[in-house]
Amino acid sequence: PPDAYLFPSRQRADAHLSTRQYARIVKGWVRSVGLGEPSYGTHSMRRTKASLIYQRTKNLRAVQLLLGHSKIESTVRYLGVEVDDALSMAEQTEV
C-alpha cells in the first residue's frame with residue numbers, strides 16, 4: 001500500500017526498520033563481500049552517496065537539502081570539496 005514502510009520492522013507490523021537493524025544489515029553486506037568492516041558502514045554509505053551526487057551535479061544546495069544540513073558551510077566541510085574544486089578550477093583556467 002502507498003502508506004506502508006518500504007523497509008518494515010521485523011518487530012512490529014506498524015513500524016519501520018530501526019537504524020540499529022539497518023546498521024546490522026549493512027554490516028552483513030560488508031562482511032559478505034569481504035570488505036573491511038571498520039571502513040564501511042551506514043555513515044560511509046551516506047557520505048559516498050552525497051559525494052557522488054555533488055560530483056555529478058556540482059549542486060551544493062541539493063546535497064545540503066538531502067543531508068539535512070542547516071548551513072551550506074557544513075555541507076562543504078562534510079564533502080571536503082573546497083580543495084578539490086579549487087584545484088580543478090585552477091587546472092581548467094589558462095592564463
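**View 1. The largest nonpolar core of this predicted model has 8 residues.** Its members are Ala-50, Tyr-54, Val-63, Leu-67, Val-76, Tyr-78, Leu-79 and Val-81. Three helices each give two or more residues to this core: α2 (42-57), α3 (60-67) and α4 (72-79). The largest share, 3 residues, comes from α4.

**View 2. Leu-79, a member of the largest nonpolar core, and its contacts.** Neighbours within four places in sequence are left aside here. Beyond them, Leu-79 touches Arg-47, Ala-50, Ser-51 and Tyr-54. Leu-60 and Val-63 are also in contact with Leu-79. Of these partners, Ala-50, Tyr-54 and Val-63 belong to the core as well.

**View 3. Helix α1 spans residues 19-32.** Does its length fall short of, exceed or agree with what 1.5 Å a residue predicts? The 14 residues should span 20 Å, and the end C-alpha atoms lie 20 Å apart, so the two agree. Gln-21, Ala-23, Val-26 and Val-30 are the buried residues to look for in α1. Helix α2 is among the elements that cover the buried residues of α1. Just after α1 comes Gly-34, with a positive phi of about 80 degrees.

**View 4. Tyr-22, Trp-29 and Met-45 form a nonpolar surface patch.** The patch measures about 310 Å². Met-45 sits in helix α2. Is Met-45 buried, partly exposed or exposed? Its relative accessibility is 36%, so Met-45 counts as partly exposed. The cut-offs behind that call are under 20% for buried and over 50% for exposed.

Notes
Residues are numbered from 1 along each chain as its sequence is written. This is a predicted model: local features need pLDDT of at least 70, side-chain atom pairs count only at pLDDT 80 or more; totals for chains, interfaces and linings use all residues. Side-chain values use heavy atoms; hydrogens and water are left out. A nonpolar core is a set of buried Ala, Val, Leu, Ile, Met, Phe, Trp, Tyr and Cys residues joined through side-chain atoms within 4.5 Å. Buried means under 20% relative accessible area, exposed over 50%, partly exposed in between (1.4 Å probe, protein chains only). Helices (H or I, at least four residues) and strands (E, at least two) are DSSP runs, numbered from the N terminus. Contact means heavy atoms within 4.5 Å. Patches are made of residues with over 30% relative accessible area and no salt bridge: like charges are joined within 9 Å, nonpolar side chains (Val, Leu, Ile, Met, Phe, Trp, Tyr) within 5 Å. Accessible areas come from the Shrake-Rupley method with a 1.4 Å probe; for residues, only the protein chains shown count as cover. A salt bridge is a side-chain nitrogen of Lys or Arg within 4 Å of a carboxyl oxygen of Asp or Glu. The expected span of a helix is 1.5 Å times one less than its number of residues.
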